[in-house]
Each structure stands twice: as C-alpha cells, then as structure tokens.
Amino acid sequence: MFTDAHIPTMHDGNARLTAFMNSMKTAKPDFIIELGDFLTPSEKYASAYAIWKAYPGPKYHVIGNHEMDGGTSLQQALAYRNMPSSYYSFDRNGFRFIVLDGNDKKSPELKGYQEHIGEPQLTWLKAELEKARTPIVIFSHQGLGPDGVDNSGEIRAVLEAHNARSKTAKIIANFYGHIHYDRAEEVNGIWYVCINSMSYKWLGEEYGHVRYSDEVDKNYKWIKYTAPYKDPLYTVVEITTDGLIKIAGKKSEWVGPSPWDIGFPTKNKEYDRPEIRERVLRFQPLSQ
C-alpha cells in the first residue's frame with residue numbers, strides 16, 4: 001500500500017509510482033491499495049493514473065480530501081476511478097476489508113476540507129460489521145484513532161462494541177494516511193496504523209525552501225512548502241490469522257535540510273521522519 005502520493009505537488013510523481021509498481025511485481029501481494037490524496041481527474045495527471053491502471057492485479061482506492069481539489073466533485077472523483085461509492089467492502093483470503101470515506105460534511109453549508117463520517121455511512125458501517133463472518137481490517141484516509149475524524153470517539157465506540165460481541169469477526173486494525181506520519185498505536189485492542197506519505201512531509205508556507213531547482217519550483221508551486229523524501233515510501237503488509245501484522249520497512253532521507261533545520265516544530269519528531277518503519281504488531285488470535 002501507499003498513501004498521499006500527491007501527484008499534483010510532485011515533479012517526480014510518475015517515477016515514484018513506477019518504483020512502487022515495480023516493487024509490487026516482485027512482492028506479488030494479494031492486492032494493492034492507495035489510501036487517498038493521489039490525484040485529481042485532470043489530463044495533466046493522466047500518465048500517472050495510467051501507471052496505476054496498468055497494474056494487472058486487484059487494486060483499490062480510498063478517497064482523500066485532496067481528491068476533490070480544483071473544483072472536482074466527489075462524483076467526478078469516483079467516476080474517474082470507476083468507483084460506485086466512496087465507501088465499500090471486499091473479501092480476500094479469509095478477511096473482510098472495509099473502506100471508509102472521512103470527507104462527509106456535518107451539514108451541507110460547510111466549506112473546505114472535512115474530517116467526518118456521517119450518519120448514512122455510519123449506519124452502513126454498522127450493517128457491514130454485523131454481516132462480517134471473518135476478521136476485519138478498515139482502510140480510511142483520515143484515521144479513526146484519537147487524532148482522526150472529528151467523531152472518531154463515536155466510531156471507536158461502535159468498533160469496540162462490535163469486538164465485545166464477536167468472536168470470529170473482530171476488527172484488527174485501521175490503516176490510514178492523511179497526516180504524513182509513521183506511527184502505530186493500539187487503542188482497546190484495535191491497531192491504528194498511520195502509513196507515511198509516499199512523497200513528503202507538509203511544512204507550510206512559513207517554511208518555504210527551494211528543494212530541487214528554480215525550474216521545478218516554478219512548475220510545481222507547492223513543493224517548496226514540503227520536506228520531500230528522496231525515495232518513494234510504500235510498504236507491504238502481511239496479516240496472519242495467528243495474530244501478527246507484519247509491516248515491511250522502507251527508509252529514505254530528506255531532500256535538502258530537515259524540517260528542524262529550518263525551524264519546524266519538533267513536538268512530533270518521533271513520527272515526522274522519511275521512512276516507514278518495519279513493525280511486527282500483535283493482536284489476539286481469533287481462535288482464542
């Protein structure tokens with residue numbers, strides 16, 4: 001999986017995607033998934049999407065907040081990806097996978113990026129959990145942990161109540177992106193795993209710095225406000241029925257100075273790093 005490729009921001013987005021695809025041809029996973037903030041349906045990014053579409057195996061999308069940039073509607077973003085809905089489920093090798101959309105609006109008049117799961121989607125989620133007969137993994141762009149969607153506490157209560165009732169269809173983990181962290185935390189028996197961005201750490205306009213060249217900076221106006229990773233970050237995740245989640249590591253380095261060398265706050269330095277750390281996470285085997 002990968003997340004937050006941000007193709008419109010990166011001058012080398014196609015090369016990053018190609019590196020991922022070449023790696024997946026070797027790894028031969030059961031499926032690939034991108035966790036959002038990939039690209040908008042513009043002709044400018046058609047070559048990047050062609051790299052994605054050329055992958056011969058099963059592949060899945062998650063809708064991020066930046067999928068609707070530039071006036072793109074949710075329906076346009078879905079149609080471009082041939083997705084009937086922004087939330088859905090699928091089964092693979094004895095697991096149920098649920099994909100959620102954290103971009104719902106609390107009310108129609110709200111503007112800007114949202115981090116919410118609305119009542120229709122929540123009702124659908126509860127029904128999906130009830131139908132499940134196998135272990136469950138949830139994918140989303142905005143996380144469901146303590147720093148996730150604005151009603152994440154309500155969502156976690158639903159997930160934990162389900163796990164208290166179920167013996168065979170317990171929720172194991174939520175994989176997400178959005179905040180460009182490398183982090184994994186367990187909350188009441190469920191792992192919340194933030195997969196780092198394929199491309200960069202967002203710093204903001206007050207930390208602008210030309211990272212590549214004036215020419216790149218001219219054509220990709222947002223890239224100077226990031227701390228890019230020299231190499232694309234992505235991972236292969238293996239989940240076993242005997243209680244292990246294995247996350248493959250991939251390490252890179254900053255392009256140009258580190259965020260802290262130009263004054264970026266150090267409070268999340270443990271998670272702000274140019275890598276996806278190798279991890280082995282444990283959960284209670286479902287047979288127990």
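Partly exposed, as I use it here, is the range between buried, under 20% relative accessible area, and exposed, over 50%. Asp147 has a relative accessible area of 32%, so Asp147 is partly exposed. Please keep in mind that this is a predicted model.

I will stay with Asp147 for a moment. What does the side chain of Asp147 meet in a salt bridge? The partner is Arg183, with 2.3 Å from N to O. Asp147 is in the loop between β5 and α5, while Arg183 is in strand β7, residues 183–187. The two are 36 residues apart, and the pair links distant parts of the chain. Arg183 is buried, because its relative accessible area is 10%. So this bridge joins a partly exposed acid to a buried base. Arg183 also lies over the face of Tyr271, at 4.9 Å from the ring centre.

On to the other salt bridges. The search of the whole structure gives 16 of them. One is between Arg81 and Glu67, where the closest N and O atoms are 3.3 Å apart. Arg81 lies in the loop between α3 (74–80) and β3, and Glu67 in the loop between β2 (59–61) and α3, so the bridge ties together parts that are 14 residues apart in sequence. Are these two residues buried or exposed? Arg81 counts as buried at 5% relative accessibility, and Glu67 is buried as well, with a relative accessible area of 0%.

Another bridge is formed by the side chains of Glu130 and Arg165, at 2.8 Å from N to O. Here the link runs from helix α4, residues 119–131, which holds Glu130, to helix α5, which holds Arg165, across 35 residues. Glu130 is partly exposed, with a relative accessible area of 46%. Arg165, at 54%, is exposed.

There is also a network of salt bridges, which links Asp182, Glu270, Arg273, Glu275, Arg277 and Arg279.

Next, the same loop as Asp147, but a nonpolar residue. Val149 lies in the loop between β5 (136–139) and α5 (152–165). Val149 is buried, with a relative accessible area of 2%. What is Val149 in contact with, leaving aside its neighbours within four places in sequence? The list is Gly102, Glu115, His116, Ile117, Gln142, Gly143, Leu144 and Ile155. For one of these, His116, the C-alpha atom is 5.0 Å from that of Val149, although the two residues are 33 apart along the chain.

Now the aromatics. How many aromatic pairs does a search of the whole structure find? The count is 26. Take Phe31 and Phe90: the ring centres are 5.2 Å apart and the planes are at 90°, so the pair is edge-to-face. The cut-off behind that label is over 60 degrees between the planes. Phe31 is in the loop between α1 (13–27) and β1 (32–34), Phe90 is in strand β3 (residues 88–92), and they are 59 residues apart. Both are buried: Phe31 at 14% relative accessibility, Phe90 at 8%.

A second edge-to-face pair is Trp254 and Trp260, with centres 5.8 Å apart and planes at 80°. Trp254 and Trp260 are both buried. Trp260 has a charge over its ring too: the charged end of Lys269 sits 4.8 Å from the ring centre.

Phe31 and Phe90 belong to a cluster linked by ring pairs, together with Tyr60, Tyr88, Phe95, Phe97, Phe139 and Phe175.

That leads to the nonpolar cores. In soluble globular proteins, nonpolar side chains tend to be buried together. The largest core in this model has 36 residues. Which of them have the most contacts inside it? They are Ile33, Leu35, Phe90, Phe139, Phe175, Val193 and Ile245. The elements giving two or more residues to this core are β3, β4 (95–99), β5, β6 (171–176), β8 (190–194) and β12 (244–247).

Val193 has contacts beyond its sequence neighbours within four places, namely Asn174, Phe175, Tyr176, Arg183, Ala184, Ile247 and Leu281. Arg183 in that list is the residue that bridges to Asp147. Apart from the largest core lies another, of 22 residues, among them Leu100, Ile136, Leu144 and Tyr176. Leu144 is also one of the contacts of Val149, and Tyr176 one of those of Val193.

Note on methods
Residues numbered from 1 in each chain as written. Predicted model: local features only at pLDDT ≥ 70, side-chain atom pairs only at ≥ 80, totals over all residues. Heavy atoms only, no water. Phe/Tyr/Trp six-rings, centres within 6.5 Å; stacked < 30°, edge-to-face > 60°. Helix = DSSP H or I, 4+ residues; strand = E, 2+ residues; numbered from the N terminus. Buried < 20%, exposed > 50% of the residue type's maximum accessible area, 1.4 Å probe, protein only. Lys NZ or Arg CZ within 6 Å of the ring centre and 35° of its normal. Contact = heavy atoms within 4.5 Å. Salt bridge = Lys/Arg side-chain N within 4 Å of Asp/Glu carboxyl O. Core = buried A, V, L, I, M, F, W, Y, C linked by side-chain atoms within 4.5 Å.
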